[in-house]
Amino acid sequence: SIFAQVYNGLDIFILGIFRPIQEVGYFTIARRVISSFIFFIIFLTNAVLPKLSCEFVNNLELFRATTKRFLKLVALLAVFLIVPSVILSEKIVMLTVGASYLPAVLPLNIMMIGLVFVLFNLPYSTGLIACGREKDVMVQTAASAVLSLLLNFIIMPIYGIIGASVSFTIVEIFAFAWIFWIYEKKIRHAAANKTGGQ
């Protein structure tokens, strides 16, 4: 959680070091919208985690089926929640904070791409935690935090809020790729061993 907060919160602080306060305000609006989506997603994950833990111990077929259903759910969320939010982002910004914050729309839409990778990360990271692989998730999150800090210090001074948004998206693609690789390597191997031993 601490590492996740590093790359989910320090970007605003780092942006403030290099860019004018007005630009920080635009980015903060985009960041808050993304954080609201992430809060909802974490709530969803906490609901699925106990079921996955129980199924990994007792019934691997059910574990696999639940993971597939979780993947279908996040795909539906991506299509019916994120896509409309991108299409209506300008109207959402105008209705919530006013036309003066319209420069927040482009960074918000860039970060929505990263949010898709957050969504698809969840079934795999939750599966790893359910199987007692919390350390693998922690290492991935720590590596993502380090990458986020490096990218922010390199990109933000030049590209400002666009750089901050691109940095977020790159980090989430990296996080998804890492967690998917670990899941394939560790969970499928563990499942194969359990099935072979039964």
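Is Asp-136 buried or exposed? At 15% relative accessibility, Asp-136 counts as buried, because buried means under 20% relative accessible area, exposed over 50%, and partly exposed in between (1.4 Å probe, protein chains only). The close-ups below come from a predicted model, in which local features need pLDDT of at least 70 and side-chain atom pairs count only at pLDDT 80 or more, while totals for chains, interfaces and linings use all residues. Residues are numbered from 1 along each chain as its sequence is written, and side-chain values use heavy atoms, with hydrogens and water left out.

**View 1. A salt-bridge network links Arg-133, Asp-136 and Lys-186.**
Look here for the side chains of Arg-133 and Asp-136, which meet in a salt bridge at 3.7 Å, N to O. The term stands for a side-chain nitrogen of Lys or Arg within 4 Å of a carboxyl oxygen of Asp or Glu. While Asp-136 is buried at 15%, Arg-133 is partly exposed, with a relative accessible area of 32%. Lys-186 belongs to this network of salt bridges too. The structure holds 6 salt bridges, and the next view shows two others.

**View 2. Arg-19 pairs with Glu-23, and Lys-51 pairs with Glu-55.**
In the Arg-19 to Glu-23 salt bridge, the closest N and O atoms are 3.2 Å apart. Arg-19 is partly exposed at 24% relative accessible area, whereas Glu-23 counts as buried at 16%. For Lys-51 and Glu-55, the closest N and O atoms lie 2.8 Å apart. Lys-51 and Glu-55 are separated by about one helical turn, because they are 4 residues apart in helix α2 (residues 21-58). Helices (H or I, at least four residues) and strands (E, at least two) are DSSP runs, numbered from the N terminus. Lys-51 is partly exposed, with a relative accessible area of 40%, and its partner Glu-55 is buried at 6%.

**View 3. Helix α3 bends at Ala-78.**
How far should the 28 residues of helix α3 (residues 60-87) span? At 1.5 Å a residue the answer is 40 Å, and the end C-alpha atoms are indeed 40 Å apart, which agrees. The expected span of a helix is 1.5 Å times one less than its number of residues. At Ala-78 the helix bends by about 30 degrees, the bend being the angle between axes fitted to the seven residues ending there and the seven starting there. Ala-78 is also buried, and so are Leu-60, Phe-63, Phe-70, Val-74, Leu-77 and Ile-82, among others in α3. The buried residues of α3 include Thr-66, Thr-67 and Ser-85 as well. At the start of the helix, a side-chain oxygen of Asn-59 reaches to within 3.1 Å of the backbone nitrogen of Glu-61. Ala-65, a residue of α3, is partly exposed at 28% relative accessibility. The C-alpha atom of Ala-65 is separated by 39 Å from that of Val-93, 28 residues apart along the chain.

**View 4. Helix α5 is largely enclosed by the rest of the structure, because 20 of its 26 residues are buried.**
α5 (residues 105-130) reaches 37 Å from its first C-alpha to its last, close to the 38 Å expected at 1.5 Å a residue. A bend of about 35 degrees sits at Leu-122, and a proline, Pro-123, follows within four residues. After the helix comes Gly-132, whose phi is positive, near 80 degrees.

**View 5. Leu-10, Phe-13, Ile-17, Phe-18 and Phe-153 make a nonpolar surface patch.**
The patch covers about 480 Å², and accessible areas come from the Shrake-Rupley method with a 1.4 Å probe, with only the protein chains shown counting as cover for residues. Patches are made of residues with over 30% relative accessible area and no salt bridge: like charges are joined within 9 Å, nonpolar side chains (Val, Leu, Ile, Met, Phe, Trp, Tyr) within 5 Å. Helix α1 (residues 2-18) gives the most to it, with 4 residues. Leu-10, which lies in α1, is partly exposed at 33% relative accessible area.

**View 6. Two residue pairs bring distant parts of the sequence into view: Glu-184 with Tyr-124, and Ile-38 with Glu-90.**
Glu-184 and Tyr-124 are 60 residues apart in sequence and 8.9 Å apart in space, C-alpha to C-alpha. Glu-184 is found in helix α6 (residues 134-197) and is partly exposed, at 29%. Ile-38 and Glu-90 are 52 residues apart in sequence, with 20 Å between their C-alpha atoms. Ile-38 has its place in helix α2 and is buried, with a relative accessible area of 13%.

Terms used. A polar contact is a pair of N or O atoms within 3.5 Å; within protein, one must be able to donate a hydrogen and the other to accept it, and residues adjacent in sequence count only if both atoms are side-chain atoms.
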